[in-house]
Amino acid sequence: MDKIKKYLAAITAEKALSFLLFLVVGIIPLVIHTYLRKRDVHSLDFKAYPIPRGEFDFFHYYKGILLVIITFFILAVLLNKGKRTKYKLHVFLLILSFFILLSSIFSEFRAYTLIGGADSYQGVLVWLSYMIICFGASQLTSLKYVKIVVYGVIFSAVFLSVIGVLEYFSIDFHKNYLAFFLETNGNLNYINEVSINSISYNTNYYAMLLYVSLIIISVMYLSIVNRKIKTVLLLSYLIVFFNLTGTRTLAGDIIFTLMSLLLLIIFWKKNKNVIKDYLILLGSSFIIFLFVYNSVGAANSVEDDYARFKMSIANSSLEEIKVKRDVLEIKPFKLNPLFVKVLDDKNIKFSNTPDFNGQLQIMKKGDTIMMKDEGFEHYKLLFKKRKKYNVMILRYNNEFNYEVLIMDKTFKTINPYTKKIVDIITPEKTSFLNKQNGIISGRGIVWSLGIPLLKDRFFLGSGADTFPLTFPNHDYVSKLKVYGKKGQVPYIAASHSLYLQIGVEFGVIAMFTFIIMIIWYLISSFKLLLKVPLNNWIHYLSLGCFLAVLGFSIMGVISSGMLSAIPTFWVLLGLGLAVNGYIKKNELKVGPEDLKQ
């Protein structure tokens with residue numbers, strides 16, 4: 001007992017803090033376990049994610065639970081820590097915490113905001129945990145404890161990458177053994193057969209985690225002189241880069257390429273001695289890139305990416321479908337609209353003008369009506385009887401099918417998730433983004449419908465993890481424009497933008513607070529890096545944190561990150577503060593002799 005007391009007494013607050021942060025960045029990304037949640041069809045949880053997959057979770061729930069538990073201990077350590085280092089960025093963290101808490105307290109979905117819901121589980125406790133772990137990381141003042149956190153980032157990335165490489169070469173550890181462990185009875189349909197996602201569920205989230213980890217591995221490799229450690233870091237770099245390329249995320253490839261070029265410019269200006277080692281990394285990266293994008297495991301990947309690019313050039317033919325009382329307006333892009341009016345439950349009228357004075361030549365073939373007039377030849381209307389309702393199936397240019405019910409002298413549609421009859425709605429959209437979807441994988445429709453939500457959320461948002469509850473998922477027409485060819489009407493549960501998520505859930509003020517905080521950190525770090533000679537590993541780590549935050553922030557424009565990657569981002573942001581603070585305080589004492597620390 002005395003030995004235990006003596007050991008516990010020897011554990012300093014900073015040692016405990018570094019260990020807990022190691023768990024955040026080194027263990028949490030690896031956590032997966034089955035979480036089953038029976039839901040009532042009238043519950044907010046069902047409303048937020050009304051598809052069968054919402055009843056179970058492998059990747060987020062237990063990550064969030066573990067993060068909150070670890071954060072509780074971090075908070076306890078911080079409260080018992082003696083002197084705490086203060087940074088200007090802490091003010092931004094306080095403001096963000098204020099709006100996170102207030103938006104969730106006054107949310108109409110308050111009970112839901114505590115832990116969040118399916119496919120995310122980023123409730124208010126998780127978001128407050130992000131603020132605390134960032135603050136906690138900024139309190140590290142000893143270099144040996146800073147290293148422990150860095151080791152955690154590298155460890156989780158390498159561990160996940162080993163699984164990713166096995167997955168790439170069809171060694172079914174991921175599918176068979178892991179499926180057994182997760183008690184899924186082999187039901188792992190979430191796995192993308194072409195891309196690498198390891199055990200991170202989504203390639204975009206995985207790419208964000210790999211990017212920040214790869215930057216840290218790169219700068220540590222370049223700063224270390226010990227050959228054994230350098231070899232280990234080189235191997236770590238290669239396997240992690242293999243996974244980043246294997247995710248086949250365009251954003252990950254572009255951002256890492258840009259950051260690599262930026263690093264090369266910085267080294268050319270600041271320390272040309274490491275350019276040889278860095279060119280080894282870049283050369284190896286290029287070889288891996290060519291291998292992954294031209295091998296059997298990623299068959300047709302380049303062709304697929306080119307096809308996505310062509311999709312971005314060609315807009316969908318459908319612009320809008322509107323209902324005004326008993327009139328249905330079908331409006332294609334740059335073509336004549338078609339107006340359909342209900343006369344009664346069995347008879348309808350067609351016209352090319354809203355006043356129905358214009359006449360169209362109609363050709364009937366069985367249950368199908370077609371138009372002979374120029375500009376209307378691509379329309380097809382198929383009529384069916386389903387139960388007690390008359391159904392009109394709209395087809396345009398063989399791009400999509402859209403079903404409407406003719407009832408009560410108006411038009412209705414069916415909710416594809418709940419199968420209930422609902423009104424046809426036309427929510428406000430951001431027009432430019434409404435037309436851009438190809439190369440950004442359908443995100444244009446999410447942003448075009450999501451950005452108008454910010455209008456009513458200037459001061460407070462809708463609460464933590466409530467984006468799917470506020471997003472107009474019942475606008476099925478807009479989804480058809482993007483996914484109609486695939487016959488899909490997907491449920492949109494993610495904002496696909498970290499900034500849009502913060503704005504909708506915590507308010508516009510919180511969103512701009514986050515943006516200003518990131519800009520402030522990047523500017524202050526850049527100014528510091530201009531002054532230091534890059535002759536010590538701590539200088540390189542400052543550079544690594546700077547580039548990790550910069551790249552993640554750019555990727556955050558088109559991805560929300562989730563629990564797979566965001567905790568690591570917040571820790572590296574806080575760690576960047578701590579490292580910058582150390583350099584400012586000890587710059588005259590830090591020199592090349594510290595490289596072997």
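A residue counts as buried when its relative accessible area is under 20%. The legends below apply this cut-off to a predicted model.

**Figure 1. Overview of the predicted protein.** The protein contains 22 helices and 13 strands. Of its 597 residues, 57% count as buried. The accessible surface comes to about 27,600 Å², and 62% of that surface belongs to carbon and sulfur atoms. Among contacts between residues at least 6 apart in sequence, 69% join residues at least 24 apart.

**Figure 2. Close-up of Phe242 in helix H11.** Phe242 has a relative accessibility of 9% and therefore counts as buried, the limit being under 20%. Leaving aside residues up to four places away in sequence, Phe242 touches Val165, Tyr168, Phe169, Ile196, Ile288, Phe291 and Val292. The C-alpha atom of Phe242 is separated by 10.0 Å from that of Ser284, a residue 42 positions apart from Phe242 along the chain.

**Figure 3. Close-up of Ser285 in helix H13.** Helix H13 spans residues 275–294. With a relative accessible area of 6%, Ser285 is buried. Its contacts, not counting residues up to four places away in sequence, are with Tyr237 and Phe241.

**Figure 4. The salt bridge between Lys230 and Asp277.** Two salt bridges are counted in the model, and this view presents the one that joins the side chains of Lys230 and Asp277, with an N to O distance of 3.5 Å. Lys230 belongs to helix H11 (residues 227–246) and Asp277 to helix H13, so the pair ties together parts that are 47 residues apart in sequence. Lys230 is buried, its relative accessible area being 14%. Asp277 is partly exposed, with a value of 21%. Side chains of opposite charge can pair when their charged atoms come close.

**Figure 5. The salt bridge between Asp423 and Lys412.** The closest N and O atoms of Asp423 and Lys412 are 2.3 Å apart. Asp423 is located in strand E13 (residues 421–423) and Lys412 in strand E12 (residues 410–414), so this pair ties together parts that are 11 residues apart in sequence. Asp423 is partly exposed, with a relative accessible area of 47%.

**Figure 6. Close-up of Ser462 in the loop between helices H16 and H17.** The loop that holds Ser462 lies between helix H16 (443–450) and helix H17 (467–470). Ser462 is buried, with a relative accessible area of 8%. When residues up to four places away in sequence are not counted, Ser462 touches Ser103, Ser107, Phe109, Arg457, Thr470, Val504 and Glu505. One of these contacts, Thr470, carries the number at which helix H17 ends.

**Figure 7. A positive surface patch that includes Lys584.** The patch is formed by Lys88, Lys527, Lys531 and Lys584. Lys584 is placed in helix H22, which covers residues 566–586. With a relative accessible area of 58%, Lys584 is exposed.

Notes
Residues are numbered from 1 along each chain as its sequence is written. This is a predicted model: local features need pLDDT of at least 70, side-chain atom pairs count only at pLDDT 80 or more; totals for chains, interfaces and linings use all residues. Side-chain values use heavy atoms; hydrogens and water are left out. Patches are made of residues with over 30% relative accessible area and no salt bridge: like charges are joined within 9 Å, nonpolar side chains (Val, Leu, Ile, Met, Phe, Trp, Tyr) within 5 Å. Accessible areas come from the Shrake-Rupley method with a 1.4 Å probe; for residues, only the protein chains shown count as cover. A salt bridge is a side-chain nitrogen of Lys or Arg within 4 Å of a carboxyl oxygen of Asp or Glu. Lys and Arg count as positive and Asp and Glu as negative; His and the chain ends are not counted. The place of a charge is taken as NZ of Lys, CZ of Arg, CG of Asp or CD of Glu. Helices (H or I, at least four residues) and strands (E, at least two) are DSSP runs, numbered from the N terminus. Buried means under 20% relative accessible area, exposed over 50%, partly exposed in between (1.4 Å probe, protein chains only). Contact means heavy atoms within 4.5 Å.
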